[in-house]
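Biologist: Before I look at the model in detail, I would like to go through its internal spaces and its charged pairs. Can we take them one at a time?

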Amino acid sequence: MWTTRHGALVGRAATVVQVDVEARALGAHHQVDLGLIGDVAETARAAAAELDARGHSATGYRTPDVADRIAREGRWQDIPYEEDKEHDQHPDGGPRIDPRTLTIALDGMLPRERTVAVDSGNFMGYPAMFLDVPDADGLVFTQAFQSIGLGLATAIGAAVARPDRLTVAALGDGGALMAAAELETAVRLGLGLLVVVYDDEAYGAEVHHFGPSGHPLGTVTFPPADVAAIGRGFGCAAVTVRRPDDLGAVAGWLAGPRDRPMLVHAKIARGRPSWWLAEAFRGH
């Protein structure tokens, strides 16, 4: 279900052939038209040889049209989207920023040499999609047993291990508040760590998972917390972001000595689940 969007990525008119070394795997996750027991590479070579013998030529996906599309749409940032705008009804009021807009704006500000450490939660697709990394070592993801709250400690470890790179800790507000004490660790170590908190005032995954079924959400939603003030209390620089213009403080921190962490408290729009989470929940 994870690689085919519950079969939606397989065309209805497609002939599906599955090759596996275990017979019980054939058709286990998707209906197949033909099942073959065998080594995948060996079977592919045999099929290619048979096609050649019959005079068939296969171009596959390596066509000029596909190459052009990859050049135009090869990054998530190149895919247009409709801005998700929301005005808060809480006493503090004010707009809430689309998490895609926030992350794309941050990506354009950060140096290329970076490590992105992502916690778990409804928000986690946005930094993974929109924050570029220079290589495979640039993305650090922790999700032990789907636990939240591990991302900040992971980011601190990454920052200590690679002081030559800027480390970005991408956290949800639920996980950030669980691990808030580690902000003191980052301050004590003098880490130039950028902590981005995607704040939807909830355990967002649970809201979007259980809410549509009518379950009560009182235990997974909570009142506004001034996460920026919490960060300052630990000694971080901090800013609350509701619109792209609020990111000027981040630019100033990036240009400075970066001798203490910078916490970005992003009040994000929260009206819908992230698309990848909506897809995942279809299977549960």
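Biologist: What is the volume of the largest cavity?

Modeller: This is a predicted model, in which local features need pLDDT of at least 70, side-chain atom pairs count only at pLDDT 80 or more, and totals for chains, interfaces and linings use all residues. Residues are numbered from 1 along each chain as its sequence is written, and side-chain values use heavy atoms, without hydrogens and water. On a 1 Å grid over the protein atoms alone, a cavity is a set of points where a 1.4 Å probe fits but cannot get out, and lining residues have an atom within 4 Å of a point; points are joined across faces, edges and corners, and the volume is the space filled by probe spheres set on them. For the largest cavity, that volume is about 60 Å³.

Biologist: How do the residues of the lining of the largest cavity divide into nonpolar, polar and charged?

Modeller: The lining consists of L152, L171, A176, L177, A180, L183, V195, V197, V227, I230 and L263. At least two of the lining residues come from each of α6, β8 (193–199) and α9 (227–233), where helices (H or I, at least four residues) and strands (E, at least two) are DSSP runs numbered from the N terminus. Ala, Val, Leu, Ile, Met, Phe, Trp, Tyr, Cys and Pro count as nonpolar, Asp, Glu, Lys and Arg as charged, and the others, Gly among them, as polar. The division is 11 nonpolar, no polar and no charged.

Biologist: How many charged residues does the lining of the second largest cavity have?

Modeller: The count comes to two cavities of 30 Å³ or more, and the second largest holds about 40 Å³ of space. D173, L177, D199, E201, F222, P223, P224, A225 and V227 line this cavity. By class, six are nonpolar, none is polar, and the number charged is three.

Biologist: Which element gives the most to the lining of the largest pocket?

Modeller: A pocket is an open set of points with protein on both sides within 12 Å along at least five of seven lines. The largest has a volume of about 860 Å³, and of its 47 lining residues, G121, N122, S274, W276 and L277 are the closest to its centre. Two or more lining residues come from each of α3 (99–109), α4 (125–130), α6 (173–178), α8 (204–210) and α11 (275–281). With six residues, the element that gives the most is α8.

Biologist: How many charged residues are in the lining of the largest pocket?

Modeller: The lining of the largest pocket includes 25 nonpolar residues. Another 14 are polar, and the charged residues number eight.

Biologist: How many residues in the lining of the second largest pocket are charged?

Modeller: The second largest pocket has a volume of about 270 Å³. It is lined by 13 residues, and T3, T4, V10, H29 and H30 are the closest to its centre. Six of the lining residues are nonpolar and seven polar, and the charged count is no residues.

Biologist: How far apart in sequence are the parts that D132 and R75 tie together?

Modeller: The whole structure has 18 salt bridges, each a side-chain nitrogen of Lys or Arg within 4 Å of a carboxyl oxygen of Asp or Glu. D132 and R75 form one of them, at 2.6 Å from N to O. D132 is in the loop between α4 and β6 (139–141) and R75 in the loop between α2 (64–73) and β3 (86–87), so the parts they tie together are apart in sequence by 57 residues.

Biologist: Is R165 buried or exposed?

Modeller: E113 and R165 form a salt bridge, with their closest N and O atoms 2.9 Å apart. Buried means under 20% relative accessible area, exposed over 50%, and partly exposed in between (1.4 Å probe, protein chains only). At 38%, E113 is partly exposed. R165 has a relative accessible area of 8%, so R165 is buried.

Biologist: Which residues are joined with R270 into one network of salt bridges?

Modeller: R270 and E201 meet in a salt bridge of 3.2 Å, N to O, which links the loop between β10 (262–267) and α11 to the loop between β8 and α8, 69 residues apart. R270 is partly exposed at 23% relative accessibility, whereas E201 is buried at 4%. Through shared salt-bridge partners, the network joins R270 with R96, D199, E201 and K267.
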